[in-house]
Amino acid sequence: MQRPRADADWMAAAVALAWRGRGLTAPNPNVGCVIVAKERIVARGRTQPGGRPHAEAMALAAAGDAARGATVYVTLEPCAHTSARGPCCTDSLIAAGVARVVVAVQDPDPRTDGQGIARLRAAGIAVETGVLAQEARAAMAPWWLRATHGRPFVTLKLATSLDGCIAMPDGSSRWITGDRARAHGHLERALHEGILVGRGTLAADRPRLDVRLAGLEARSPRRFLLTRGDAPDGWTALAGPEADPGVDSLLVEGGAGAASAFLAADKVDRLLLYRAPILIGGGRPALGDIGLADLATAHGRWRLADSRMLGSDRLDVYERIRKD
C-alpha cells in the first residue's frame with residue numbers, strides 16, 4: 001500500500017522533536033511524537049529529561065479530546081510493557097481513541113519489540129511502519145547502540161589545520177578554528193552525556209569541557225579522563241576505549257593519544273573533522289598509530305554524512321560503516 005506523502009512530513013516533525021531530547025533521556029530513548037487531526041498538528045511531545053514522561057504521554061496530555069480519531073506519528077514503537085515510572089504508551093493510545101499510528105522504527109527492546117504494534121492493530125487502530133526509519137534511528141543513535149550492542153555511541157572531534165596539525169610544535173592550540181566552529185563544538189557537547197580527553201590535554205590546556213552557549217549551560221556533559229591512574233576532582237577515570245563509561249553518548253575531544261586509542265580499538269562511530277584554512281608545518285599531528293596494517297584496510301570504513309562551512313572553517317562529518 002502506498003503511504004500518503006504527508007506521512008514523511010509529519011514524521012520529520014517528530015524526528016526534530018527527538019533530536020531536542022538527545023543526551024537528556026537516558027536510560028530511555030529520546031522519542032518524538034506529533035498528533036495530527038484535520039491536516040494540522042494538534043499536539044507535540046518528546047521524552048522528558050530522565051526518561052519520563054514518554055513522548056506519547058506528553059503529546060496525548062496536550063491533545064486532550066483532539067486525540068480521538070487523530071493520527072499519531074512517533075519515532076519509536078510505543079512501549080508495550082508496564083512500568084512503575086509511568087503508563088504503557090500502547091494502552092494510553094488505545095484509551096485515547098486514536099485512529100492511526102505511524103511508527104518510524106520498531107523498538108529493539110524485547111519487552112516491546114513488535115508487541116506494541118500488534119496490540120494497537122488488535123484494538124482496531126491502523127498502523128504504518130518504516131516512515132523515515134533511518135532518520136529516526138540517527139536521532140536515537142546513542143540509545144539504539146546501547147540497546148542493541150551494549151556500548152556507548154562515540155563521536156571523535158578533531159580540529160586541525162589544512163596539513164593535519166592540532167597544535168604548534170610547542171603544543172599551543174588556541175585557537176585553530178574560528179568562533180563559529182567552536183560554537184558548533186559546544187552544541188555537540190550539549191548533545192552528549194559524556195566528554196573525554198587524555199591526560200596530556202588535561203595537563204596542557206586545563207579544559208573546562210562545559211557548554212558555553214546561552215540557554216544550554218545546564219547541558220554540560222560529564223567529564224572523563226582517559227587514564228589508568230586516578231582522575232582529579234570533578235573528573236571520572238576511564239581506563240581505555242573498551243571500558244564502559246556508563247553513558248550512552250561519549251564525545252572524545254583530545255588529544256592525539258586519546259583519538260588514536262579509540263580509533264585503534266574501532267570504537268569511533270562518528271567523526272567530526274573541523275579544518276581551518278591555515279598551515280602550521282612541523283606542528284603536532286592529529287593522530288598517532290591507529291594500528292593500520294596496510295593501506296587497503298583503510299578504505300571503505302567511513303561515509304561522508306555532512307559537510308558545511310562554519311565561517312571560514314569547514315566541517316566534515318563521517319559515519320563509521322558497519323555491517324551490523
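# Notebook: helices, annotated sites and salt bridges

**Helix α6.** I began with what covers the buried residues of α6, and the list includes β3 (71–76), β4 (100–105), α5 (133–139), β6 and β11. The model I am reading is a predicted one. The helix itself runs over residues 141–149, and I noted Ala141, Pro142, Trp143, Trp144 and Leu145 as its buried residues. After α6 comes Gly150, with a positive phi near 70 degrees.

**Helix α9.** I then looked up α9 (residues 256–264), where Ala258, Ala259, Ser260, Phe262 and Leu263 are buried. The cover over these buried residues includes β6, β8 (194–198), β9 (222–226), β10 (236–238), β11 (249–254) and β14. I entered β6 and β11 in the cover of α6, and I find β6 and β11 again in the cover of α9. Asp266 follows α9 and has a positive phi, near 55 degrees.

**Annotated binding site.** Next I took the UniProt annotation "binding site", which comes from an unreviewed entry. The record puts it on Ala159, Trp175, Thr201, Asp205, Thr227, Gly255, Ala256, Gly257, Ala258, Ala259, Ser260 and Ala261. I checked whether the set forms one cluster: it spans 103 residues in sequence and its farthest two C-alpha atoms are 25.6 Å apart, so the residues do not all gather at one spot. From this set, Ala159, Trp175, Thr201, Asp205, Gly255 and Ala256 belong to the lining of the second largest pocket.

I looked at two of the pocket-lining residues, Ala159 and Thr201, in detail. Ala159 sits in strand β6 (residues 153–160). I logged Ala159 as partly exposed, at a relative accessible area of 24%. Beyond its neighbours within four places in sequence, Ala159 has contacts with Cys165, Ile166, Ile176, Thr177 and Tyr274.

Thr201 is in helix α8 (residues 199–205). Its relative accessible area is 16%, and I logged Thr201 as buried because the cut-off is under 20%. Not counting residues up to four places away in sequence, Thr201 touches Arg206, Pro207, Gly254 and Gly255. Gly255 is itself one of the annotated residues.

**Annotated active site.** I looked up Glu56, where UniProt, again in an unreviewed entry, places the feature "active site". I found Glu56 in helix α2 (residues 55–63). Is Glu56 buried or exposed? Glu56 counts as buried, at 4% relative accessibility. With neighbours within four places in sequence left aside, Glu56 contacts Cys33, Val74, Leu76, Pro78, Cys89 and Leu93. Val74 and Leu76 fall in the range of β3 (71–76).

**Salt bridges.** My search of the whole structure gave 20 salt bridges. I wrote down three pairs and one network.

- Arg111 and Asp109 meet through their side chains at 2.8 Å, N to O. Arg111 is partly exposed, with a relative accessible area of 49%, whereas Asp109 is buried, at 16%.
- Arg182 forms a salt bridge with Asp179, with the closest N and O atoms 2.5 Å apart. Both residues lie in helix α7 (residues 179–190), three residues apart, about one turn of the helix. An α-helix has 3.6 residues a turn, so residues three or four places apart point the same way. Asp179 is exposed, at 59% relative accessible area, while Arg182 is partly exposed, at 21%.
- Asp306 and Arg308 pair through their side chains at 2.5 Å, N to O. I logged Asp306 as partly exposed, at 26% relative accessibility, and Arg308 as partly exposed too, at 38%.

The network joins Arg151, Asp266, Asp269, Arg301, Arg320 and Arg322 through salt bridges that share partners. I had already met Asp266 as the residue that follows α9.

**Nonpolar surface patch.** Last, I looked at the surface. Which residues make the nonpolar patch of about 340 Å²? I found Leu287, Ile290, Leu292 and Leu295 there. Ile290 lies in the loop between β13 (284–285) and β14 (302–310). At 31% relative accessibility, I logged Ile290 as partly exposed.

Technical notes. Residues numbered from 1 in each chain as written. Predicted model: local features only at pLDDT ≥ 70, side-chain atom pairs only at ≥ 80, totals over all residues. Heavy atoms only, no water. UniProt positions renumbered as here; feature names shortened; annotations may be inferred. 1 Å grid on protein atoms, 1.4 Å probe; cavity = no way out; pocket = protein on both sides within 12 Å on 5 of 7 lines; lining within 4 Å. Helix = DSSP H or I, 4+ residues; strand = E, 2+ residues; numbered from the N terminus. Buried < 20%, exposed > 50% of the residue type's maximum accessible area, 1.4 Å probe, protein only. Contact = heavy atoms within 4.5 Å. Patch = residues over 30% accessible without salt bridge, like charges linked within 9 Å, V, L, I, M, F, W, Y side chains within 5 Å. Areas by Shrake-Rupley, 256 points an atom, 1.4 Å probe, with all protein chains shown as cover. Salt bridge = Lys/Arg side-chain N within 4 Å of Asp/Glu carboxyl O.
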